[in-house]
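Subject: Handover of the structure

Hello,

I am passing this structure on to you. Please open it alongside this message and follow along.

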Amino acid sequence: MSHAIEIRDLQYRAGTFEIRDLAVNVPTGSMYGFLGPNGSGKTTTIRLMLGLLRPIKGTITVLGGAVPRESPRILARTGYVPEQPHLYTSLTVAEALAFHAAFYPTWDWTWATELLGQFQLRRDQGLARLSKGEMGKLEMLLALAQRPELLVLDEPTDGLDPVVRRDVLTALLDYVSQQNATVFISSHLVHELERICDWVGVMDRGRLVTELPMHSFKSGIKRLRVEHPPALPGDTPFVLLAREGGNGSLETWTVRGWQAPMQQYFAGVGASLREIVDLDLEEGFVELLRTFREPSTGA
Amino acid sequence: MFRQLLYTQWKWSRLVLLVIGLAAFALPLLSVQGVRPDDLGRFDVEQMLAGVQTWGLLYPVLATAAALILAMTTWGPDHRGKHIYALSLPIPRWHYALLRFGAGCVLLAAPVAMVWIGALVASAATNLPAGLETYPTILALRFGLAALVAYAAFFAISAGTNRTAGVVLGIIGGLVVAQLILLIADTNINVLSPLLIRLFVWPGPLEIFTGRWMLIDV
């Protein structure tokens, strides 16, 4: 499997915040959701990935080129939507398009015009007067109309209303289906990523907690109701993320890497499995972070 | 690419450029206000030249102000966006800085041209006594060179972070304070003079700002 983005042993420090031993692999053609709570290091990782910041050590390879040495060549093939609007607010929409287009040889004016209509943006509108939703749409338009091989989107729908969010994501999915581009999208809106991503990476406190295909992440995390559980779970075939006491002899276990044949484990330890509850991505994400932060809670 | 950068800088600084341009046009005209060729004795000519020279002090001040304001407006929007947009553009950092510098230089040509036009108009409108000449082109070229030197310095400082600007100002302020303390302590040590000589006396980079800035001279 080839990777559009490969990060190895990345280390970066700014004040008290630190990224340590970060390794990320984004398969080419995938939609990779980068999850993490606020302040976990998602934006910093993205800025390092694009060569906007310089790491202390480690290697970053994007679209086959080394960052930051080959950053200009990489950036010419990458559409980037940053967390905060960053465009020059004294320009109009038309001027912002002309400015951006001048730097990208692959810029597609026909499609840019089409997206302007689709997003209902007026050419003569000043950027300072755009609403948050309109600015979000313009940022996405600029990233898409340069026809990139890689889209790096840092919380692109954060703070947007549902209608605008749908417009932006529809345009993104249309593009990906046409171009087979790779998308790296960071967000803390877990349900949004659940719908569109096929890979997920979870980051917390400057470290990657896990990275796996979305289906494994979604199907592998379960909440189990266990009757007469053992005091010490011993060598479990799954990863026990958390166990909480319930009423009497009933406990709730949160596990990762669950598969149906693993039910036999409970008979072996004198317990019985009463119920298996599927967790959605958000619940799984919360449990994962809780275990990561308090490893002693788990097995 | 350059045209787009030039356009953005023009848009950010056009009002300031208009004001500076008007001042640049008016300055040569104002400097010849007191020139009356009739019944000028030797003493009157010397007085008139002294008046022109006094006005001449404003040329380096205006060149410095134009350069400072232009350098600040060049980097202001990028600073406000924490340089994220500029850094995410697919060109090397040095290339981007060079384009911005070049665009600023092109815009500086406007006040220089206004000084030249103003000086030409002032020269044409003034009936000089024998022995005196006007130097509109030399004055404009000198103004342009001073503005360029000042722009290069302010551009470099503005391109850095607030911390960089703070360090530069801190060093200058520190030297001034040190000199004051040495003066109060009645020592013969002078830390500023050697530095000022290196900067303002040929071949110092700021030599262009010194000397007589005269539209009219012998």
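Below is what was found, starting with the interface and then turning to the open and closed spaces.

One point before the rest: this is a predicted model.

**Where the chains meet**

Start with chain A and chain B. On chain A, 22 residues are in contact with chain B, which contributes 20 residues of its own. The area buried between the two chains is about 2,100 Å². Carbon and sulfur atoms give 68% of that area. Look for three aromatic names on chain A: Tyr88(A), Phe99(A) and Phe103(A). Together they supply 34% of the area that chain A buries against chain B. No other three residues supply more.

Polar links are there too. Between chain A and chain B the count is eleven residue pairs in polar contact, with both residues at pLDDT 80 or more. The salt bridge count between the chains is one. Glu95(A) and Lys11(B) form a salt bridge, and their closest N and O atoms are 2.6 Å apart.

Which helices of chain A each supply at least two residues of the side that touches chain B? They are H2 (71-75) and H3 (93-101). H3(A) provides the largest share of that side, with four residues. By class, the side of chain A that touches chain B has 14 nonpolar residues, five polar and three charged.

**The largest pocket**

Next, the pockets. The largest holds about 700 Å³ of space. Its lining has 29 residues. Closest to the centre are Phe154(B), Ile157(B), Val168(B), Leu169(B) and Ile172(B). Four helices of chain B give two or more residues each to this lining: H3 (58-80), H6 (136-159), H7 (162-184) and H8 (192-200). H7(B) gives the most, with eight residues. The lining divides into 22 nonpolar and seven polar residues, with no charged ones.

**The second largest pocket**

This pocket has a volume of about 410 Å³. It is lined by 20 residues. Those nearest its centre come from both chains: His86(A) and Leu87(A), then Pro77(B), Arg80(B) and Gly81(B). On chain B, helix H1 (2-31) and H3 each supply at least two lining residues. H3(B) gives the most here, with five. By class, the lining has nine nonpolar, seven polar and four charged residues.

**The cavity**

How many cavities of 30 Å³ or more does the structure hold? One. The largest cavity has a volume of about 100 Å³. Its lining has 13 residues. Nearest its centre are Tyr80(A), His86(A), His100(A), Tyr104(A) and Gln146(A). Both chains also appear among the elements that give two or more residues to this lining: strand S6 (78-81) and helix H5 (132-145) of chain A, and helix H4 (84-88) of chain B. H5(A) gives the most, with three residues. The lining divides into seven nonpolar, five polar and one charged.

**Where to look**

A short list for your viewing session:

- Glu95(A) and Lys11(B), for the salt bridge.
- Tyr88(A), Phe99(A) and Phe103(A), for the area chain A buries against chain B.
- H7(B), for the lining of the largest pocket.
- His86(A), which lies among the residues nearest the centre of the second largest pocket and also among those nearest the centre of the largest cavity.

Best wishes

Technical notes: Residues are numbered from 1 along each chain as its sequence is written. Chains are lettered from A and ligands numbered from 1 in the order in which they are written. This is a predicted model: local features need pLDDT of at least 70, side-chain atom pairs count only at pLDDT 80 or more; totals for chains, interfaces and linings use all residues. Side-chain values use heavy atoms; hydrogens and water are left out. Contact means heavy atoms within 4.5 Å. Buried area is the accessible area (1.4 Å probe) that two parts lose on being put together, summed over both. A salt bridge is a side-chain nitrogen of Lys or Arg within 4 Å of a carboxyl oxygen of Asp or Glu. A polar contact is a pair of N or O atoms within 3.5 Å; within protein, one must be able to donate a hydrogen and the other to accept it, and residues adjacent in sequence count only if both atoms are side-chain atoms. Ala, Val, Leu, Ile, Met, Phe, Trp, Tyr, Cys and Pro count as nonpolar, Asp, Glu, Lys and Arg as charged, and the others, Gly among them, as polar. On a 1 Å grid over the protein atoms alone, a cavity is a set of points where a 1.4 Å probe fits but cannot get out, and a pocket is an open set with protein on both sides within 12 Å along at least five of seven lines; lining residues have an atom within 4 Å of a point. Grid points are joined across faces, edges and corners, and a volume is the space filled by probe spheres set on the points.
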